[in-house]
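This briefing is meant to be read with the sequence and the three-dimensional structure side by side. It begins with one salt bridge and then turns to the elements around it.

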Amino acid sequence: GHRPLNYSAMSSSSSLPYFTRGEVVKGFGRGSKQLGIPTANYPESVVEGLPPALESGVYYGWARVEQGPVYKMVMSVGWNPQFQNEKRSMETHILHEFPDDFYGAILSVCVAGYIRPERKFSSLDELIQAIRNDIALAAEQLEEPGTKELARSLEEHFRTE
């Protein structure tokens, strides 16, 4: 038996899969590195392209740095505290160990599915536990045949440009 994901975010699902790409920029230092969960941030221009129906929360999908391999990823779409939460943010955690930062590189992503809404955590441990759960769930969902197809779609999607 496969436990279906909670699709309370039906509006988000209608915007998926969502493909985008952009340059990786320095984030607003939420200490994701200290958490051992490094994330790649997109510039405002990319974030502003998000479909309005795509609500804040945690998503899973595929990511590719430059012309490299396609890896699984978890993306957090939220509100950027640096701008009084008036601007959105997209933070991508790629399920792969990179030896170095890749600031300035072009990151292509396919946002494939929704995991959960954004929420506040009372402790760092709770946050880390939630992120580990998100990662486990993403890894599992991305093994589904339909979702695996999207990894190939990501390579095709930006090939023509």
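In this predicted model, the side chains of Asp-134 and Arg-116 meet in a salt bridge, with a distance of 2.8 Å from N to O. Because Asp-134 belongs to helix α3 and Arg-116 to strand β6, the pair ties together parts of the chain that are 18 residues apart in sequence. Asp-134 and Arg-116 are both buried, which means that each has under 20% relative accessible area.

**Overall make-up**

- The protein contains four helices and six strands, and from the N terminus on these elements follow the order α-β-β-α-β-β-β-β-α-α.
- Of the 161 residues of the protein, 47% count as buried, while the area that the protein exposes is about 8900 Å², of which carbon and sulfur atoms supply 51%.
- Among the contacts in the protein with a separation of 6 or more, 70% are accounted for by residues that lie 24 or more positions apart.

**Strand β6 and its partners**

- Strand β6, which covers residues 106–116, has ten of its eleven residues buried, so the strand is largely enclosed by the rest of the structure.
- Strand β1 (residues 18–23) runs antiparallel to β6 and is joined to it by six bridges; within this pairing, Glu-23 has Ile-106 of β6 as its bridge partner.
- Strand β3 (residues 57–65) also pairs with β6 in the antiparallel sense, here over eight bridges, and Ala-63 has Val-109 of β6 as its bridge partner.
- As background for viewing these strands, side chains in a regular strand alternate between the two faces of the sheet.

**Helix α3**

- Helix α3 (residues 124–141) has 18 residues, which at 1.5 Å a residue should span 26 Å, and the distance between its end C-alpha atoms, 26 Å, agrees with that expectation.
- The buried residues of α3 are Ile-128, Ala-130, Ile-131, Asp-134, Ile-135, Leu-137, Ala-138 and Gln-141, so the salt-bridge residue Asp-134 appears in this list because its relative accessible area is under 20%.
- As background for reading that list, an α-helix has 3.6 residues a turn, so residues three or four places apart point the same way.
- The buried residues of α3 pack against strands β3, β4 (70–79), β5 (88–94) and β6, and also against helix α4 (145–157).

**Other salt bridges**

- With a limit of 4 Å between a side-chain nitrogen of Lys or Arg and a carboxyl oxygen of Asp or Glu, the count comes to six salt bridges.
- Lys-87 and Glu-44 form one of them, with their closest N and O atoms 3.4 Å apart; this pair links distant parts of the chain, since Lys-87 lies in the loop between β4 and β5 and Glu-44 lies in helix α2 (residues 44–47), 43 residues apart.
- Lys-87 counts as partly exposed at 29% relative accessibility, and Glu-44 is likewise partly exposed, with a relative accessible area of 36%.
- Arg-159 forms a salt bridge with Glu-156, in which the closest N and O atoms are 3.0 Å apart; Arg-159 is exposed, with a relative accessible area of 52%, whereas Glu-156 counts as partly exposed at 46% relative accessibility.
- Lys-72, Glu-143 and Lys-148 are joined into one network by salt bridges that share partners.

Technical notes:
Residues are numbered from 1 along each chain as its sequence is written. This is a predicted model: local features need pLDDT of at least 70, side-chain atom pairs count only at pLDDT 80 or more; totals for chains, interfaces and linings use all residues. Side-chain values use heavy atoms; hydrogens and water are left out. Buried means under 20% relative accessible area, exposed over 50%, partly exposed in between (1.4 Å probe, protein chains only). Helices (H or I, at least four residues) and strands (E, at least two) are DSSP runs, numbered from the N terminus. Two strands pair if DSSP finds at least two bridges between them. The expected span of a helix is 1.5 Å times one less than its number of residues. Contact means heavy atoms within 4.5 Å. Accessible areas come from the Shrake-Rupley method with a 1.4 Å probe; for residues, only the protein chains shown count as cover.
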